[in-house]
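Please look over the chain shown below before reading on. The report is meant to be read beside it.

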Amino acid sequence: MHELTTLHPNGLFLRREALDFGYRDRDLRDARRAGVVIRIRHGAYVDTETWNAKDAVGRHRLCAQAVSLTHEGNVALSHTSGAAEHGLRLWGADLSRVHVVRLDNKTGGRQHDVVYHQGTWTPDDIYAKDEMLLLGPERCALETASLLPVEYGLVTLDSVLDLDLGNEESLWTTYKSAMRSSPRSAKLQITLRLTRCGAQSAGESRTRFMCWSQHLPEPTLQFHVYDEFGILVGITDFAWPDHRLLGEFDGKIKYGRLLKPGQVAGDVVFNEKTREDRLREVTQWAVIRFIWSELNDPRSCGERVRRLMRLGRIT
């Protein structure tokens with residue numbers, strides 16, 4: 001069946017395509033039992049190796065691709081499915097169903113693996129990617145955020161700006177034209193007002209939310225530190241200059257992003273420690289590091305920041 005896995009990106013193929021090649025349903029059943037292919041929805045298959053190599057978001061994207069193929073241009077990916085296809089960051093999003101907006105004027109509804117929306121759209125709202133149609137990144141991000149708590153939605157909206165798929169103005173314009181009448185518009189407005197350019201990971205967005213929820217001063221993002229000769233020493237994730245405090249978010253993904261060819265994680269950790277010492281030396285400020293797990297206890301995390309801020313004012 002190798003020839004079937006080359007018909008579409010990611011090794012996906014449809015039952016009807018297999019039948020056109022001369023295979024029978026019995027052949028598909030035998031391939032599934034042998035572990036060669038996996039049926040990811042009714043009438044859609046993918047090779048097992050591809051499926052096993054994907055994380056949760058990657059598998060959702062495969063399911064969304066299958067929905068697009070089986071609906072033959074009558075739907076466009078929306079909400080979390082469109083956001084995932086645009087490469088936006090998702091945290092805490094429900095990936096159990098594919099979200100689409102209907103383009104055929106049929107009514108919305110919900111099936112076991114698809115949610116059909118009846119949102120308004122114009123031809124200018126529809127993007128084509130590979131063999132799929134999807135709504136624009138701002139619209140998908142806002143729809144995703146509307147389904148989620150503010151903290152979760154902020155991760156996605158921040159990523160629109162970080163990935164240069166929109167700006168604050170385009171997000172607000174899209175909100176006013178397509179989302180203002182949503183029953184979740186009040187919560188969505190809060191998320192949108194908190195969105196900032198400069199958060200480069202889900203952890204950084206969550207840290208900013210922690211600051212807001214704990215009534216801490218809003219940090220400056222991507223703060224540049226220079227030495228006495230004007231040479232850049234480093235860029236920190238957060239800074240509170242009035243409190244002589246720098247902040248960094250620690251995460252495995254961040255360290256992976258910093259890895260250079262031939263380096264291992266220990267090299268990056270050592271370099272980060274050396275960089276942090278230099279930042280302290282140049283600024284004479286404190287440095288606080290946030291880790292993923294402590295963001296689940298925002299009150300304790302916020303108190304730690306306050307203690308260092310008080311010390312910074314005294315120094």
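The sections below cover model confidence, one sheet with its helix, a hairpin, a helix pair and a buried helix.

## Confidence

This is a predicted model. Its chain has a mean pLDDT of 90, with 92% of the residues at 70 or more.

Confidence varies between elements. Helix α7 (residues 150-162) has the highest mean pLDDT, 98, and helix α11 (residues 252-258) has the lowest, 49. Where pLDDT is low, the predicted coordinates should not be read in detail.

## The four-stranded sheet

An open sheet is formed by four strands in the order β10-β11-β12-β13, with mixed pairing. The edge positions are held by β10 (220-226) and β13 (286-291); each has a single partner strand, so one side of each is left without a neighbour in the sheet. On average, neighbouring strands here are turned by 50 degrees against each other, direction ignored.

The partner of β10 in one antiparallel pairing is strand β11 (residues 232-240), and six bridges connect the two. Within this pairing, His224 has Ile235 of β11 as its bridge partner. Helix α10 (residues 202-213) lies across β10, β11, β12 (245-250) and β13, and runs at about 45 degrees to β11.

## The β8-β9 hairpin

Strands β8 (residues 126-129) and β9 (residues 132-135) run antiparallel and are joined by four bridges. Tyr127 is placed opposite Leu134 of β9.

The two strands make a hairpin with two residues between them. In the turn, Asp130 has a positive phi of about 55 degrees.

## Packing of α7 against α9

Helix α7 packs with helix α9 (residues 185-194) at an angle of about 50 degrees, and their axes are 9 Å apart. This angle makes α7 oblique to α9. The crossing of α7 past α9 is right-handed.

On the α7 side, the residues that meet α9 are Val150, Gly153, Leu154 and Leu157. On the α9 side, they are Lys187, Ile190, Thr191, Leu192 and Leu194. As a general point, an α-helix has 3.6 residues a turn, so residues three or four places apart point the same way.

## The covered helix α5

Is helix α5 (residues 79-86) mostly covered or mostly open? Helix α5 is mostly covered, with eight of its eight residues buried. These buried residues are His79, Thr80, Ser81, Gly82, Ala83, Ala84, Glu85 and His86.

Gly87 comes just after α5 and takes a positive phi of about 85 degrees.

Definitions and conventions. Residues are numbered from 1 along each chain as its sequence is written. This is a predicted model: local features need pLDDT of at least 70, side-chain atom pairs count only at pLDDT 80 or more; totals for chains, interfaces and linings use all residues. Side-chain values use heavy atoms; hydrogens and water are left out. pLDDT is the predictor's confidence in each residue, from 0 to 100. Two strands pair if DSSP finds at least two bridges between them. Axes are lines fitted to C-alpha atoms, for helices over the stretch in contact, and angles run from 0 to 180 degrees between N-to-C directions. Contact means heavy atoms within 4.5 Å. Buried means under 20% relative accessible area, exposed over 50%, partly exposed in between (1.4 Å probe, protein chains only). Angles under 35 degrees count as roughly parallel, over 145 as roughly antiparallel, 65 to 115 as roughly perpendicular and the rest as oblique. A crossing is left-handed if the near helix is turned anticlockwise from the far one by less than a right angle, and right-handed if clockwise.
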